[in-house]
Amino acid sequence: MNIIYGIKIGFIGLGKLGMPCAEAIRKKGFDVAGYDIAHKSSDLVEIRDSIEDVCRDRDIVFVATPTPHEEGYDGREPTSHLPVKDFNYDAVKKVLTKCNKHMGVTQSLVLISTVLPGTIRRELAPLVTNVKLLYNPYLIAMGTVAEDMINPEMIMIGTKKGVYKTAYKAQQLEAFYNQFCDNFPRVEFGTWEEIEAMKIFYNTFISNKIALVNMIQDVAQKLGNMDVDKVTQALAKSTKRIVSPAYMKAGMGDGGACHPRDNIALRWLAKDLDLGYDMFESIMTAREQQAESMAKAILEHGNSVWFSSDSYKPGTQLVDGSYSLLLQHYVRKHGGTLANGIDTPVEVIVRVHESDHFTCDENTIIFDPWRSYPKAENVIYYGK
Ligand SMILES: NC(=O)c1ccc[n+]([C@@H]2O[C@H](COP(=O)([O-])OP(=O)(O)OC[C@H]3O[C@@H](n4cnc5c(N)ncnc54)[C@H](O)[C@@H]3O)[C@@H](O)[C@H]2O)c1
């Protein structure tokens, strides 16, 4: 098979992910050499004897070594009662340390293995001092590894600073994927943390969706007179809100006359139908805990707080299920006072809706959960 492209690729870790990826890259006409601690063979990829051997002449070295969970933590048995555990990063650390020893500034070291947000900066980057470290996780399903790789939904590339303009190695990796993939994929750049989060929350979003449709199945089973597929297919066709970018901006929590109370009522139904679990308890606990955390963050900037609106919807006076009111509850609980700006001076303004406008002097803090108010000394972006 001819080599078409000049760029030389290395792969460390030729397992369920690494080998099919390395072979797919070779099939597309790249020069690919790899190494695995366990003896591996391939008709396509040149197998070398050590990490040093792979690193010596490669432009890009991908690392796809395992990040295993503790025994009993793969989800085949109940885990919610067990202590929480991170993945194990020993193999990745070992490999990155060795690659760093044998690589230099002209090369790129690209980690594919799945890690939790925060891991790279905290535990892995300190091991990589001689070469640029990029994070490039894959959204790949077992059984369709090669196809998913050639036609990815997106390519995610994380760097230390997440600034595209000066990230030449990230640009080189993007150019590689534009040559390698069939579909000219969407490329998402970011900091290591942003890319770690994109990867892991992509997966957990899917878990949430599945848990929700499976609950509809439980309800159909227990309630009767109901075909789960009829319900899920109707929802699947509802592309306006459910399967769309809608609600994909973090800020104030869910509010209104329907959403919170629907979740609360479903808690009752989960109990009444004896489903044995209560997803909605978790959703509502999360909503309340998120409000309490935001209230505490607000109070770090002053005790006397004015909310730009009580309503749950911009341009209305509607306060049903209002997240602003929930937040005000927690502000009071933690010692804050609700100011009106007339007989009580305002130290902090909370921008409840992204469309809310107000004027204030520069000594008043503007607390912005939407991170879009014009930046100034007194403007605090929450979540950034
Ligand atoms: N399998 C997938 O579809 C998939 C998809 C996305 C992400 N991932 C992530 O990719 C990583 C690898 O997953 P996998 O399924 O390929 O695991 P795997 O266990 O099948 O393969 C890992 C390979 O790394 C090798 N290895 C271990 N230590 C090594 C070392 N020190 N030097 C060289 N090789 C070494 C192992 O021998 C093994 O062949 C994991 O973090 C996983 O979460 C996997």
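Q: When do two strands pair?
A: When DSSP finds at least two bridges between them.

Q: OK. What kind of model is this, and how are residues numbered?
A: It is a predicted model, where local features need pLDDT of at least 70, side-chain atom pairs count only at pLDDT 80 or more, and totals for chains, interfaces and linings use all residues. Numbering starts from 1 along each chain as its sequence is written.

Q: How many helices and strands are in the protein?
A: There are 11 helices and 13 strands in the protein (DSSP runs numbered from the N terminus: helices H or I, at least four residues; strands E, at least two).

Q: What does the C-alpha trace span?
A: About 75 × 60 × 40 Å along the principal axes of the protein.

Q: Which domains does it have?
A: The assignment gives domain 1, covering 8–201, and domain 2, covering 285–381. Bounds like these come from an automatic or database assignment.

Q: How far apart do the two domains lie?
A: The C-alpha centre of domain 1 is 42 Å from that of domain 2.

Q: Let's go to the strands. What joins β1 to β4?
A: Four bridges, and the two strands run parallel. Strand β1 is residues 8–12, and strand β4 is residues 60–63. One pair to look up is G10 with V61, its bridge partner in β4.

Q: What else does β4 pair with?
A: β4 is also joined to strand β5 (residues 108–111) by four bridges, again running parallel. V63 stands opposite L111 in that strand.

Q: Which way do the residues of β4 point?
A: I60 and F62 point one way, and V61 and V63 the other way. On both sides these residues are buried, that is, each has 20 or more other C-beta atoms within 10 Å of its own (12 or fewer is exposed, in between is partly exposed; C-beta atoms are placed from the backbone).

Q: How much of the protein counts as buried?
A: 28% of its 384 residues.

Q: Back to that region. What is F11 in contact with?
A: Leaving aside neighbours within four places in sequence, F11 is in contact with G18, A22, V32, G34, V45, F62 and A64. Contact means C-beta atoms, placed from the backbone, within 7 Å. So F62, which points the same way from β4 as I60, is in the list for F11.

Q: And contacts in the whole protein: how many are between residues far along the sequence, 24 or more positions apart?
A: Such pairs make up 62% of the contacts with a separation of 6 or more.

Q: Change of topic: which helix gives the most to the shell around the ligand?
A: Helix α3, residues 90–102, with three residues.

Q: Now the sheet with β9. What is the strand order?
A: The order is β10-β9-β11-β12-β13, in an open sheet of five strands with parallel pairing. The edge strands, β10 (337–338) and β13 (379–381), each pair on one side only.

Q: What joins β9 and β11?
A: Three bridges, between residues 304–307 of β9 and residues 348–350 of β11, which run parallel. W306 stands opposite I349 in β11.

Q: Which residues of helix α11 are buried?
A: Y323, S324, L326, L327, Q328, Y330 and V331, in a helix covering residues 323–333.

Q: What covers them?
A: The cover includes α10 (279–299), β9 and β10. Those two strands are also part of the open sheet.

Q: What follows α11?
A: G335 comes after the helix, and its phi is positive, near 95°.

How values were computed. Contact = placed C-beta atoms within 7 Å.
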